[in-house]
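Biologist: Please take a close look at one part of this model, and then place that part in its wider setting. I should be grateful for an account that explains each term when it appears.

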Amino acid sequence: MIALTLADSVVEIFDEEMRKTVEKGGIGIGQLFRAFNILPRFRLLAFSKSRLCSFTPSFAHQNLPRGEKSLEPDEEIRPRLRRLYELNHSKLTCRIFETFTPNFMTHKARSEGMIGGKENNFGAETGETKKERYKASRVKHLGHFGDIMAGTKVAVLLPDHFNPIERVLITANGNLQRLLASYLKTSVGVRILQTKRTGKHVFVRDVVLEVGFKPLVTAKNTVTITDDRLLARIDAGEVEVGDAFRAAGEILPFFKLKEAKRLTSNEKSLFRRYELHAEGIQCSVEEVFVDVRRLST
């Protein structure tokens, strides 16, 4: 086992049911968001990349994790990436301090099969020919991508023909805009092309993520609302369809990646299809990354 990150956290729980659940040992603090299906707000408080950290909180350990592999002598003095952030909700607040090992980005990606979980369709490479690179094959994954979505063990292995930034984009679970803004070091806007109602409970939204007026991602989102109270608020103009999960009580949705592939019509473009769902809300999203090679250089 190779340690990648050391994380220390302080959690304040304001909800009695949550507090009792943790005290009884029925669930870990890190799984509270998923267990109670609550959607927090993220706030980055501080970050640095240096040997010494000026904002280390009092609750943080000072020792860097080594796992089973010790750091080389020169790694002891190499700069380390650190960040301090909060996940806030009316029921709890979690403040987390993370220290990354100096070589965490050089860890080799595994290429063997997935661990457990259900099968889904991905654009896995099934042969050596260019034509077969665009076929979808069956692969396994745990059904989530870590963080607050679920669980403590993450194993999502995409085919080798997706490069690192493509794998990050493909597995983004509702935070694509922030990831793109961080990677590009600029503001990424969302432009709504249209929102139309195709049934009593069904809405279709076409949007573009863009820098300036240059499109990065086009998305078609089909949203089915079966929560009558939420539907009434949307009809009254109080809530936007795109804010459904927060408007329904800051519900943390389940994420499921259904498909990922390159488009045969344009090798520069990347396609993915995924679902976000919670009680009363079902979203099916199809995204096209217009020129993913621009992000890889």
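Modeller: The account that follows begins with one residue and then turns to the cores, the sheet and the loops.

The model is predicted: local features need pLDDT of at least 70, side-chain atom pairs count only at pLDDT 80 or more, and totals for chains, interfaces and linings use all residues. Residues are numbered from 1 along each chain as its sequence is written, and side-chain values use heavy atoms, with hydrogens and water left out.

The chosen residue is Asp-206, which belongs to strand 8 (residues 202-211). Helices (H or I, at least four residues) and strands (E, at least two) are DSSP runs, numbered from the N terminus. Asp-206 counts as buried because its relative accessibility is 12%; buried means under 20% relative accessible area, exposed over 50%, and partly exposed in between (1.4 Å probe, protein chains only). If residues up to four places away in sequence are not counted, Asp-206 touches Arg-191, Ile-192, Leu-193, Gln-194, Ala-219 and Lys-220, where contact means heavy atoms within 4.5 Å. Gln-194 is twelve residues from Asp-206 in sequence, and their C-alpha atoms are 5.4 Å apart. With Lys-220, the side chain of Asp-206 makes a polar contact to the side chain at 2.9 Å. A polar contact is a pair of N or O atoms within 3.5 Å; within protein, one must be able to donate a hydrogen and the other to accept it, and residues adjacent in sequence count only if both atoms are side-chain atoms.

The wider setting is the whole chain. Six helices and twelve strands make up its secondary structure, and 40% of its 297 residues are buried. Of the contacts between residues at least 6 apart in sequence, 59% join residues at least 24 apart.

In soluble globular proteins, nonpolar side chains tend to be buried together. A nonpolar core is a set of buried Ala, Val, Leu, Ile, Met, Phe, Trp, Tyr and Cys residues joined through side-chain atoms within 4.5 Å. The largest such core here has 47 residues, and Leu-176, Leu-180, Ile-225 and Ile-281 touch the most other members. Beyond its neighbours within four places in sequence, Leu-176 is in contact with residues including Leu-209, Val-217 and Phe-289. Another core, of six residues, lies apart from the largest one and has Ala-46 and Leu-84 among them.

The sheet comes next. Four strands form an open sheet in the order 1-4-3-2 with antiparallel pairing; two strands pair if DSSP finds at least two bridges between them. Strand 1 (5-13) and strand 2 (41-50) stand at the edges with a single partner strand each, so one side of each has no neighbour in the sheet. Nine bridges join strand 2 to strand 3 (residues 80-88), and Ser-48 stands opposite Arg-82 in strand 3.

Finally, some details lie outside the strands. Asp-15 caps the N-terminal end of helix 1 (residues 16-23), with a side-chain oxygen 3.1 Å from the backbone nitrogen of Glu-17. Just after helix 1, Gly-25 has a positive phi of about 80 degrees. Most residues other than glycine have a negative phi. Asn-37, however, has a positive phi near 50 degrees; Asn-37 is in the loop between helix 2 (32-35) and strand 2. Glu-250 likewise has a positive phi, near 55 degrees, in the loop between helix 6 (244-247) and strand 10 (254-263).
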